[in-house]
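Hi there,

Here is the structure I promised to send over. Have a look at it first, then read on for what turned up.

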Amino acid sequence: MNENVQAEPQSELFESYQEYTDASQGSRFINYLVDNLFMQFVLSYGSGYVVGYLLSVIAPDFLYKITEGGESSGNVILFSLILAYFNYFIYYTICEAAFKGYTLGKLISGTKAIREDGEPLTFKDAILRSLSRLVPFEPFSALGGRPWHDKWTNTRVIKAR
């Protein structure tokens with residue numbers, strides 16, 4: 001046996017280990033509700049106004065065609081749906097990446113998203129979480145425990161306070 005090898009005290013082995021408490025389903029529902037209300041009433045209005053203004057300046061004929069043409073009302077719905085998905089993706093990606101795992105809903109409920117290893121989210125993690133949320137029926141995956149956007153990206157939402 002080598003006498004030069006010294007055993008590390010157990011306290012040093014576990015000093016970087018921190019135990020986290022997962023956010024409750026109630027907290028996660030509040031996150032979802034607040035974030036979606038914010039997106040629907042603030043972001044959608046703002047981005048719709050900006051896109052409408054830009055279209056009126058750049059392509060007024062196209063804007064007239066998609067809004068006034070009775071046969072092309074499906075275009076307005078499709079255009080609105082694309083803009084909504086874009087807002088959804090941008091909101092979650094920017095918030096979770098720039099604000100270290102927080103969104104408006106998470107700030108209100110006292111939770112935040114982290115990686116499973118306890119490290120803060122990276123920009124890549126935030127993008128992947130946002131893309132996972134765009135899968136149809138993804139919000140219903142939370143009814144079975146951990147939502148897909150957590151499982152697929154090896155992240156979790158924890159109590160922050």
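How do the residues of the lining of the second largest pocket divide into nonpolar, polar and charged? The split is 11 nonpolar, 4 polar and 1 charged. Before we go further, bear in mind that this is a predicted model.

**The pockets**

Let's stay with the second largest pocket for a moment. Its volume is about 300 Å³. It is lined by 16 residues, and the closest to its centre are Asn 36, Ala 84, Tyr 85, Tyr 88 and Leu 134. If you want to know which elements give two or more residues to this lining, they are H2 and H4.

Now for the largest pocket, which holds about 560 Å³ of space. Its lining counts 27 residues, and Arg 28, Phe 29, Tyr 32, Ala 142 and Pro 147 are the ones nearest the centre. Two or more lining residues come from each of H2, H4, H6, helix H7 (148-151) and strand S2 (155-159). H2 gives the most, with 6 residues. Here the lining divides into 11 nonpolar, 6 polar and 10 charged residues, so put that beside the 11, 4 and 1 of the second largest pocket.

**The aromatic rings**

Next, try colouring the aromatic residues. The structure holds 5 aromatic pairs. One of them is Phe 38 with Tyr 91: the ring centres are 5.6 Å apart and the planes sit at 45°, so this pair is tilted. It links distant parts of the chain, since Phe 38 belongs to helix H2 (residues 25-58) and Tyr 91 to helix H4 (residues 73-98), 53 residues apart. Are these two partners buried or exposed? Tyr 91 counts as buried, because its relative accessibility is 6% and the cut-off for buried is under 20%. Phe 38 is partly exposed, with a relative accessible area of 27%.

Another pair is made by Trp 148 and Trp 152. Their ring centres are 5.2 Å apart and their planes are at 15°, so the pair is stacked. Trp 148 is partly exposed at 29% relative accessibility, and Trp 152 is partly exposed too, at 48%.

Back to Phe 38: ring pairs link it with Tyr 88, Tyr 91 and Tyr 92 into a cluster. Tyr 92 has a charged visitor as well, as the charged end of Arg 133 sits over its ring, 3.8 Å from the centre.

**Helix H6**

That arginine brings us to helix H6 (residues 123-133), where Arg 133 is buried along with Asp 125, Ala 126, Arg 129, Ser 130 and Ser 132. Why do these residues end up on the same side of H6? They cover an arc of only 160° around the axis, and that is what puts them there. It helps to remember that an α-helix has 3.6 residues a turn, so residues three or four places apart point the same way. Turn H6 around and, on the face away from its buried side, you'll find the exposed residues Phe 123 and Lys 124.

**One more spot in H2**

Finally, click on Leu 37, which is found in helix H2. Leu 37 counts as partly exposed, with 41% relative accessibility. Then find Gly 105: it is 68 residues away from Leu 37 along the chain, and the C-alpha atoms of the two are separated by 9.6 Å.

Happy exploring!

Terms used. Residues numbered from 1 in each chain as written. Predicted model: local features only at pLDDT ≥ 70, side-chain atom pairs only at ≥ 80, totals over all residues. Heavy atoms only, no water. Buried < 20%, exposed > 50% of the residue type's maximum accessible area, 1.4 Å probe, protein only. Helix = DSSP H or I, 4+ residues; strand = E, 2+ residues; numbered from the N terminus. Arc of directions from axis to C-beta. Phe/Tyr/Trp six-rings, centres within 6.5 Å; stacked < 30°, edge-to-face > 60°. Lys NZ or Arg CZ within 6 Å of the ring centre and 35° of its normal. 1 Å grid on protein atoms, 1.4 Å probe; cavity = no way out; pocket = protein on both sides within 12 Å on 5 of 7 lines; lining within 4 Å. Points joined across faces, edges and corners; volume = space filled by probe spheres on them. Nonpolar A, V, L, I, M, F, W, Y, C, P; charged D, E, K, R; others polar.
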